[in-house]
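Hi everyone, thanks for coming along. Please have the sequence and the 3D view open while I talk, and we'll walk through them together.

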Amino acid sequence: MDPEEEERPQFLHSSISESFELHYPPNFTVFLRAPSFMDALSQLLSSHVPSITQGIVLVASLVSAVVYLFLKTIFSRGPVDGNGNSIPSGPIGLPIVGSFPFLTNYPELTLDYWAKKFGPLYSLWLGNQLFVIVSDPQIVKDLMVTNGAVFSSRKEMFLKSQTIFAGRGITATPYNDTWRKHRRLATGWLNSKAVESYTNVLDYEATILVKELYRYGKAGAAPINPQPHAGRCSLNNMLTITFGTRTDSIDHPLVSQALRLSREFMNCTGPVSNLTDFVPLLQRLPNYMITRGKKLHAGLVDTYGGLVLDIEKRINSGEKVPDCLVKSVLQVNEEEKLDHLDMAILCSAFMIGGVETTASIMQWFSALIPAYPEIQAKAHAELDRVVGRDRLPTVEDEKNLPYIHAIIKEVERVHNPFWLGTPHVNTQDFTYRGQFIPKDTVLVLNTYTMHHDPARHPDPFTFNPDRYINDSTLASESANLTNPYERDNWMFGVGRRICPGMWVAEREVFLAISRMLWAFTMKEIPGEPIDLAEYDGLSGRSPVPFRIRMVPRDDNVARVLEI
Ligand code: HEM
């Protein structure tokens with residue numbers, strides 16, 4: 001490692017960047033450490049830019065930077081309201097692309113750095129789009145909950161909303177009647193009462209998960225990567241709820257197909273990751289990201305639209321089809337007036353929103369926990385006391401397992417799959433504490449900063465489940481606390497767009513994690529360190545592949561699992 005780099009504090013400002021008077025974040029050091037402008041440019045193009053077209057735009061923007069620095073002293077950085085209140089302060093950014101080049105790798109670190117510099121409400125430009133970054137629970141509540149009628153829309157992003165979801169899909173639709181209809185249909189299948197009706201499915205899949213980990217890990221004798229197994233567990237839950245079907249092994253073709261589609265979605269649609277979304281010119285030029293978006297759209301419609309057609313055919317031929325989202329929506333379709341594409345995209349939103357997310361928490365748990373034998377020992381003691389060794393933990397046990405509950409909350413705090421949530425948009429001009437937020441601003445929930453706030457979570461970079469030991473709330477209860485500083489974490493978002501899948505997700509994750517802990521001692525493999533800093537996915541994060549040893553705790557495991 002470069003000794004200079006070793007000594008440099010993570011977020012130290014470079015004197016060169018200071019002299020440019022721009023607010024360069026840490027990943028701008030790619031320029032500062034390069035021997036020449038051309039080297040820097042080629043590094044930028046190779047490491048940060050997904051297509052040549054975007055590269056050309058970046059070159060143009062760099063060449064005009066000098067002119068811009070001069071002009072910026074003449075022009076203000078954003079609009080003002082009728083009373084002269086201006087938009088929140090923030091980094092100046094580059095011409096044309098704004099702050100985009102600083103946000104491509106680990107955007108949460110850059111946004112956290114700027115939150116410390118500009119405060120809990122700051123703005124930045126990406127291309128022609130204004131963003132406001134919110135990093136304080138009270139401000140989040142004031143804007144996105146108390147003023148939820150204003151701050152609950154979505155920006156129709158070119159790639160995610162228009163290309164991949166074709167203007168449909170609950171996650172990406174603006175705050176309008178189409179969204180209300182899709183949200184009503186979704187919550188009908190995801191509310192707490194509905195979850196009770198299919199908890200047996202979640203229970204079954206969690207048991208299968210543990211059996212598979214036992215079998216593929218050869219009862220602790222062989223190293224295992226738990227990721228595909230966690231992925232299939234989440235996938236089967238969503239397949240059953242949505243289509244009344246499931247896969248029978250990780251080798252089933254639908255497993256790789258569904259996980260590939262979810263991963264590609266996560267890689268194409270980070271809230272701040274596509275220059276194509278913010279530079280209209282790029283939307284008219286041949287562009288690698290557009291090709292990927294179109295291919296992904298076709299893949300989703302083929303796969304999930306195909307499953308919808310299959311159910312429709314079976315119903316029409318008089319076959320008995322298990323209860324599921326698609327069946328119930330088809331039955332009321334006369335009045336709901338959803339066409340085939342609507343159905344395909346609604347189902348895609350379930351399969352994307354409900355698979356990589358819960359699987360990600362199980363994966364981060366499996367990647368983290370081997371490094372903490374003392375935490376596992378405490379969890380084992382609690383499980384043995386409350387559940388014993390003759391059965392698996394069940395949903396009914398959860399309230400009596402505060403330490404397991406706390407471990408899960410702590411994993412979610414340190415490894416939220418969505419550091420930047422799914423951004424909201426305001427449908428009216430709004431002035432908050434003397435700062436102007438014009439209509440159509442994109443609001444990003446900066447959960448990385450909030451989850452690492454030392455005032456709320458002392459010693460925030462330490463994995464310490466004890467910090468949640470007295471918090472018995474479910475995620476849905478915690479999200480409704482009057483004092484937003486007491487909320488457990490911000491993983492499920494906020495306000496009227498809060499994740500409608502949180503009841504099913506929480507139950508699914510509890511069953512999987514409590515059973516893994518009940519069955520195994522999870523161990524690191526000597527010489528195979530697990531990388532917790534790197535991750536896959538721009539919008540939803542999962543750990544990069546790793547292997548561990550999952551050693552059955554005793555002979556009761558095989559007996560109870562009937563292996
Ligand atoms: C650990 C698991 C999960 C996490 C971390 C998660 C996170 C999120 C987040 C951050 C949002 C955006 C909220 C906002 O706009 O403020 C969201 C929305 C959504 N989630 Fe989840 N989610 C999870 C599981 C699920 C599951 C199991 C489903 C089931 C289908 C689901 C379905 C949805 C849908 C449909 C939306 C769109 C809501 C809307 O725009 O109105 N999610 N989720």
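Let me start with a question: which protein atom is the donor to the iron atom of the ligand, and how far away is it? The donor is SG of C499, at 2.3 Å from the iron, and the protein supplies this single donor. If you want to find C499 on your screen, go to the loop between α25 (475–479) and α26 (502–519). Keep α26 in mind, since we'll meet that helix again.

Before going further, please remember that what you see is a predicted model.

Now the overall picture. The chain has 27 helices and 10 strands. There are 563 residues, and 59% of them are buried. What about contacts that join distant parts of the sequence? Among the contacts with a separation of 6 or more, 74% are between residues 24 or more positions apart. As for the outside, the accessible surface of the chain is about 23,100 Å², and carbon and sulfur atoms account for 55% of that.

Next, let's look at how some helices pack. Two packed helices are described by the angle between their axes and the distance between the axes. I've picked three pairs.

The first pair is α17, residues 288–316, with α20, residues 340–353. Their axes come within 8 Å and cross at roughly 105°. An angle from 65 to 115 degrees counts as roughly perpendicular, so α17 and α20 are roughly perpendicular to each other. Which residues make the contact? On the α17 side they include H297, L300 and Y304, and on the α20 side they include H340, M343 and I352. By class, the contact of α17 with α20 has 12 nonpolar residues, 4 polar ones and no charged ones.

The second pair is α21, residues 356–368, and α23, residues 402–414. Here the angle is about 100° and the axes are 10 Å apart, which makes α21 roughly perpendicular to α23. From α21 we have I361, W364, F365 and L368, and they meet I407, V411, E412 and V414 of α23. This contact divides into 7 nonpolar residues, no polar ones and 1 charged one.

For the third pair, we come back to α26. It packs with α22, residues 373–386, at an angle of about 95°, with the axes 9 Å apart. Those two helices are therefore roughly perpendicular as well. In α22, the residues are Q376, A379, H380 and L383, and their partners in α26 are S514, L517 and W518. The contact of α22 with α26 has 4 nonpolar, 3 polar and no charged residues.

Now let's visit a few single residues. Is V132 buried or exposed? V132 sits in strand β2, residues 129–134, and its relative accessibility is 0%, so V132 counts as buried. Apart from neighbours within four places in sequence, V132 is in contact with residues including P88, L121, Y122, I437 and V444. You can also compare positions in sequence and space: V132 and N446 are 314 residues apart in sequence, and their C-alpha atoms are 9.9 Å apart.

N128 is in the loop between β1 (121–126) and β2. Not counting residues up to four places away in sequence, N128 touches F278 and P280. From N128 to P280 is 152 residues in sequence and 8.2 Å in space, C-alpha to C-alpha.

F418 is in the loop between α23 and β3 (424–425). Leaving aside neighbours within four places, F418 is in contact with M266, T357, T447, S539 and G540. The C-alpha atoms of F418 and R246 are separated by 26 Å, and these residues are 172 apart along the chain.

Last topic: backbone angles. Most residues other than glycine have a negative phi. So which residues here have a positive phi without being glycine? Two of them are A219, with phi near 50°, and R433, with phi of about 45°. A219 is in the loop between α12 (199–216) and α13 (227–243), while R433 is in the loop between β4 (430–432) and β5 (435–437). Are they buried or exposed? A219 has 36% relative accessibility, so it counts as partly exposed. R433, at 58%, counts as exposed.

That's my tour, and I'm happy to take your questions.

Methods: Residues are numbered from 1 along each chain as its sequence is written. This is a predicted model: local features need pLDDT of at least 70, side-chain atom pairs count only at pLDDT 80 or more; totals for chains, interfaces and linings use all residues. Side-chain values use heavy atoms; hydrogens and water are left out. Helices (H or I, at least four residues) and strands (E, at least two) are DSSP runs, numbered from the N terminus. Buried means under 20% relative accessible area, exposed over 50%, partly exposed in between (1.4 Å probe, protein chains only). Donors are N, O and S atoms within 2.8 Å of the metal (3.2 Å for Na, K and Ca); water is not among the atoms, so sites may look incomplete. Contact means heavy atoms within 4.5 Å. Accessible areas come from the Shrake-Rupley method with a 1.4 Å probe; for residues, only the protein chains shown count as cover. Axes are lines fitted to C-alpha atoms, for helices over the stretch in contact, and angles run from 0 to 180 degrees between N-to-C directions. Angles under 35 degrees count as roughly parallel, over 145 as roughly antiparallel, 65 to 115 as roughly perpendicular and the rest as oblique. Ala, Val, Leu, Ile, Met, Phe, Trp, Tyr, Cys and Pro count as nonpolar, Asp, Glu, Lys and Arg as charged, and the others, Gly among them, as polar.
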